[in-house]
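Here is a friendly walk through one model, from its sheet to a few single residues. Have the sequence and the 3D view at hand as you read.

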Amino acid sequence: MVPGRALGAMAALRRPASSPARSPGSEDPRLLHSAFELVGRALGALVTRAALIEVSAEASFLDTYLLMVTDSRLRERAFELIGEGKSVAHALGMVAREANRAANGIVGDPFLQERARDIEDLCDALLMLSSPDARAELPSKAVLLGDQLTVFDLLVSAKAQPVGIALTDRARGPRTKVLLQLMGVPAIIDVSGAFKWASPGDVA
């Protein structure tokens, strides 16, 4: 999908756990404010990069993420839940679940269902940037292995500076190619049975 050569230890793509690593009282809500701003700037930079490599049309979903991260209702709901004593992880998780319930309440609306998945993806990124979960952190300079790549990986996984990406034969999403192009490292897909023969730390 992206030509080149890479050498590094393999690491599986990860997401933050649903159970928080820290108690609500140990978290600083100001870090979530900073995460919203950081994600907004990062998405703006990705939109610019998409234009530079001439994939703006294929990367138009980034505009949806920009709208979500600047949506005052989403932000206010997250901080409302934190004000009620919820942890950052629980608050963002509830925001994502509420979006999913709203989308699934309208039968057969693929647009709303996709938007709900995008909100969940965005909330995962906000969580990792405001209240990092060591269980979801990646080693630096690794060859990443996974079933799917999402905008979360452009915002969070990319911080570990991966040298390459290998996706399994489950990577069939319409965004896969442009996401890999935006990651900008050598990448292959359709690696059948990858998790059967590859283990974290194996050199690839």
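Helices (H or I, at least four residues) and strands (E, at least two) are DSSP runs, numbered from the N terminus. This is a predicted model, in which local features need pLDDT of at least 70 and side-chain atom pairs count only at pLDDT 80 or more, while totals for chains, interfaces and linings use all residues. Residues are numbered from 1 along each chain as its sequence is written, and side-chain values use heavy atoms, with hydrogens and water left out.

**Serine 157**

Let us start in the loop between helix H6 (151-155) and strand E3 (164-168), where serine 157 has its place. Is serine 157 buried or exposed? Serine 157 is buried, because its relative accessible area is 3% and buried means under 20%, with exposed over 50% and partly exposed in between (1.4 Å probe, protein chains only). Its side chain makes a polar contact of 2.6 Å with the side chain of aspartate 153. A polar contact is a pair of N or O atoms within 3.5 Å; within protein, one must be able to donate a hydrogen and the other to accept it, and residues adjacent in sequence count only if both atoms are side-chain atoms. With neighbours within four places in sequence left aside, serine 157 is in contact (heavy atoms within 4.5 Å) with Leu13, Leu138, Leu144, Phe152 and Pro162.

**The sheet**

Strand E3 belongs to an open sheet of four strands in the order E1-E2-E3-E4, with parallel pairing. Strand E1 (10-12) and E4 are the edge strands, each pairing on one side only. On average, neighbouring strands of this sheet are turned by 25° against each other, direction ignored. Two strands pair if DSSP finds at least two bridges between them; E3 and strand E4 (residues 187-191) have three bridges, in the parallel sense. Along this pairing, isoleucine 165 stands opposite alanine 187 in E4, and threonine 168 stands opposite valine 191 in E4.

Together with helix H7 (residues 176-183), E3 and E4 make a right-handed β-α-β unit. Right-handed here means that, with the strands pointing away from the viewer, the path from the first strand over the helix to the second runs clockwise. H7 lies across E3 and E4 and runs at about 165° to E3. Axes are lines fitted to C-alpha atoms, for helices over the stretch in contact, and angles run from 0 to 180 degrees between N-to-C directions.

**Three partly exposed residues**

| Residue | Place | Relative accessible area |
|---|---|---|
| Lysine 141 | loop between helix H5 (110-130) and strand E2 (143-146) | 46% |
| Aspartate 190 | strand E4 | 42% |
| Isoleucine 53 | loop between H1 and helix H2 (61-69) | 32% |

Lysine 141 has a positive phi of about 55° although it is not a glycine. Aspartate 190, also not a glycine, has a positive phi of about 65°. What does isoleucine 53 touch beyond its neighbours within four places in sequence? Isoleucine 53 is in contact with Gln181 and Leu182. Its C-alpha lies 8.5 Å from that of glutamine 181, although the two are 128 residues apart in sequence.

**An aromatic pair**

Rings of Phe, Tyr and Trp (its six-membered ring) pair if their centres lie within 6.5 Å; planes under 30 degrees apart count as stacked, over 60 as edge-to-face and the rest as tilted. The count comes to one aromatic pair. Phenylalanine 36 and phenylalanine 79 form this tilted pair, at 6.4 Å centre to centre with 40° between the planes. Phenylalanine 36 is in helix H1 (residues 29-52) and phenylalanine 79 in helix H3 (residues 72-83), 43 residues apart. Both phenylalanine 36 and phenylalanine 79 are buried.
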